[in-house]
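Me: I would like a close look at a single part of this model, set in the context of its surroundings. Please answer in one connected account.

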Amino acid sequence: MYKEFQQHLQNELADIQAQGLYKNERIIVSPQSGTIKVESGQEVINFCANNYLGLSNNADLIAAAHDALEQRGYGMSSVRFICGTQDLHKKLEASVSQFFHTEDTILYAACFDANGGVFEPLLTADDAIISDALNHASIIDGIRLCKAQRYRYSNVDMADLEKQLQIAQAQRFRLIVTDGVFSMDGNVAPLDKIIALAEKYNAMVMVDESHSAGVVGKTGHGITERYNLQGKLEIITGTLGKAFGGAIGGFTTGKREIIEMLRQRSRPYLFSNSIPPMVVAAGIKAFELLENSNTLQDKLHENTAFFIEKMKAAGFEIKPTESAICAVMLYDAKLSQEFATQLMNENIYVTGFYYPVVPKGQARIRVQISAAHERTDMERCIAAFIKTGKELGVINN
Ligand SMILES: *Cc1c(COP(=O)(O)O)cnc(C)c1O
């Protein structure tokens with residue numbers, strides 16, 4: 001059999017290559033940080049990690065992980081409910097609840113699992129899930145695993161959401177689901193309007209705070225802080241893999257009974273291993289740092305504001321953003337790749353995105369800003385953009 005299957009795969013892979021969609025891994029030989037070293041030996045300023053608060057290589061987190069490794073060992077070799085729960089896991093869950101002002105929290109191996117395991121235990125074919133069209137792949141997959149009726153509304157389109165909610169009145173319970181920040185534009189979900197519609201049409205709300213937690217809101221407590229809705233949502237999911245240290249791990253946090261039911265029935269929680277103690281301890285430390293000081297969040301916000309101001313002044317177009325994601329619009333797919341390559345020659349590491357990752361004719365460079373960046377890093381990045389922009393005719397001399 002394999003000979004035919006191999007031929008089939010080779011054809012498909014060649015097709016992916018021909019479409020220019022083949023994904024290659026770029027090898028990094030340094031820790032994740034504001035500046036990284038790649039395999040060739042080149043040192044580049046890194047603007048494509050989700051390391052928003054610069055905690056991926058933070059000394060306090062590393063020390064906490066070291067201590068836990070010494071004191072609590074390497075792995076748990078168990079799921080949570082059999083013999084995979086240390087006091088550390090409970091403490092991290094309490095830290096997450098405190099951060100989001102929620103009633104309880106359940107940890108997962110990743111946010112992909114949190115989203116994969118949140119719908120099916122809670123909703124049935126009698127219920128409705130109303131989902132933003134640009135929600136993360138893990139939300140889409142999680143919804144697929146659940147028998148609830150599915151409704152989709154155009155990205156942040158409140159008129160469309162209202163229309164779907166009207167149709168969904170036919171079902172018993174309704175859950176609106178949205179990303180907090182959408183990863184290609186950096187725009188936030190209009191949570192105030194979503195909550196108003198949820199109240200009008202008797203629905204619950206779930207937000208995935210993966211790109212917004214640690215970033216959005218005056219003190220970086222996420223989109224619920226931004227809209228002054230802390231403690232109001234039924235469900236929040238998020239990751240430890242972005243702002244909160246970047247290792248691994250996810251969570252669902254929210255109403256007590258919802259979390260309690262997930263501990264009974266959520267399959268990625270019941271049938272997958274516990275997060276290792278060192279990762280849990282570093283996670284606790286991350287939340288502790290953010291509770292005690294706003295330095296990192298402030299630095300991130302300053303870096304982002306500086307970048308947007310200088311880039312706009314230079315004539316670049318940046319999609320309206322309230323996060324650390326800045327989409328520098330180039331529109332042309334080929335140009336976006338050329339631009340990214342030239343920036344790499346200037347030791348600025350960014351990613352160019354084009355169709356089908358973003359809509360046709362909407363090619364862009366996505367710049368992700370971090371508290372690990374110094375002002376000089378930001379200046380070098382902007383200078384490289386201006387130089388390249390002039391050379392490629394994107395901005396005027
Ligand atoms: C990154 C991301 C995830 C996946 O998180 P992991 O912990 O890496 O699995 C889920 N949802 C959104 C919106 C994300 O941006």
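In which helix is F307 found?

Reply: The model is a predicted one, and every value below is computed from it. F307 is found in helix α13, which comprises residues 295-313. The relative accessible area of F307 is 0%, so this residue counts as buried. A relation in space can be added: F307 and C326 are separated by 19 residues in sequence, while their C-alpha atoms are 8.8 Å apart.

Burial can also be examined for charged residues. D132 lies in strand β4, residues 128-132. D132 is buried and yet takes part in no salt bridge. The nearest side chain of opposite charge is that of R152, at a distance of 8.3 Å, whereas the cut-off for a salt bridge is 4 Å between a side-chain nitrogen of Lys or Arg and a carboxyl oxygen of Asp or Glu. The side chain of D132 does have a polar partner in the backbone: one of its polar atoms lies 2.8 Å from the backbone nitrogen of V156.

Other charged residues are paired. Side chains of opposite charge can pair when their charged atoms come close. In this model the count comes to 16 salt bridges. One of them joins D185 and R364, whose closest N and O atoms are 2.4 Å apart. D185 belongs to the loop between β6 (174-179) and α8, and R364 belongs to strand β13 (residues 363-368), so this pair ties together parts that are 179 residues apart in sequence. Both D185 and R364 are buried.

A salt bridge between helices is formed by the side chains of E162 and K200, with an N to O distance of 2.9 Å. Here E162 lies in helix α7 (residues 158-167) and K200 in helix α8 (residues 191-200), so the parts tied together are 38 residues apart in sequence. E162 is partly exposed, at a relative accessible area of 22%, and K200 counts as exposed, at 57%.

Within a single helix, K334 and E338 form a salt bridge, their closest N and O atoms being 3.7 Å apart. These two residues of helix α14 (residues 333-345) are 4 residues apart, and therefore about one helical turn separates them. K334 is exposed, with a relative accessible area of 62%, while E338 is partly exposed, at 36%. Salt bridges also link R80, K90, E93, D104 and R263 in a network.

The ligand forms a further part of the picture. There are 13 residues around it, of which C111, F112, D208, T239 and K242 come nearest. Helix α5 (residues 111-116) gives the most to this shell, namely 3 residues. By class, the shell contains 3 nonpolar, 7 polar and 3 charged residues. A polar backbone atom of F112 is 2.9 Å from an oxygen atom of the ligand. In the side chain of H211, an N or O atom is 3.1 Å from an oxygen atom of the ligand; in that of S210, an N or O atom is 3.4 Å from a nitrogen atom of the ligand. Taken alone, the ligand exposes 380 Å², and the protein buries 82% of that area.

Methods. Residues are numbered from 1 along each chain as its sequence is written. This is a predicted model: local features need pLDDT of at least 70, side-chain atom pairs count only at pLDDT 80 or more; totals for chains, interfaces and linings use all residues. Side-chain values use heavy atoms; hydrogens and water are left out. A residue is near a molecule or strand if one of its heavy atoms lies within 4 Å of it. A polar contact is a pair of N or O atoms within 3.5 Å; within protein, one must be able to donate a hydrogen and the other to accept it, and residues adjacent in sequence count only if both atoms are side-chain atoms. Accessible areas come from the Shrake-Rupley method with a 1.4 Å probe; for residues, only the protein chains shown count as cover. Ala, Val, Leu, Ile, Met, Phe, Trp, Tyr, Cys and Pro count as nonpolar, Asp, Glu, Lys and Arg as charged, and the others, Gly among them, as polar. Buried means under 20% relative accessible area, exposed over 50%, partly exposed in between (1.4 Å probe, protein chains only). Lys and Arg count as positive and Asp and Glu as negative; His and the chain ends are not counted.
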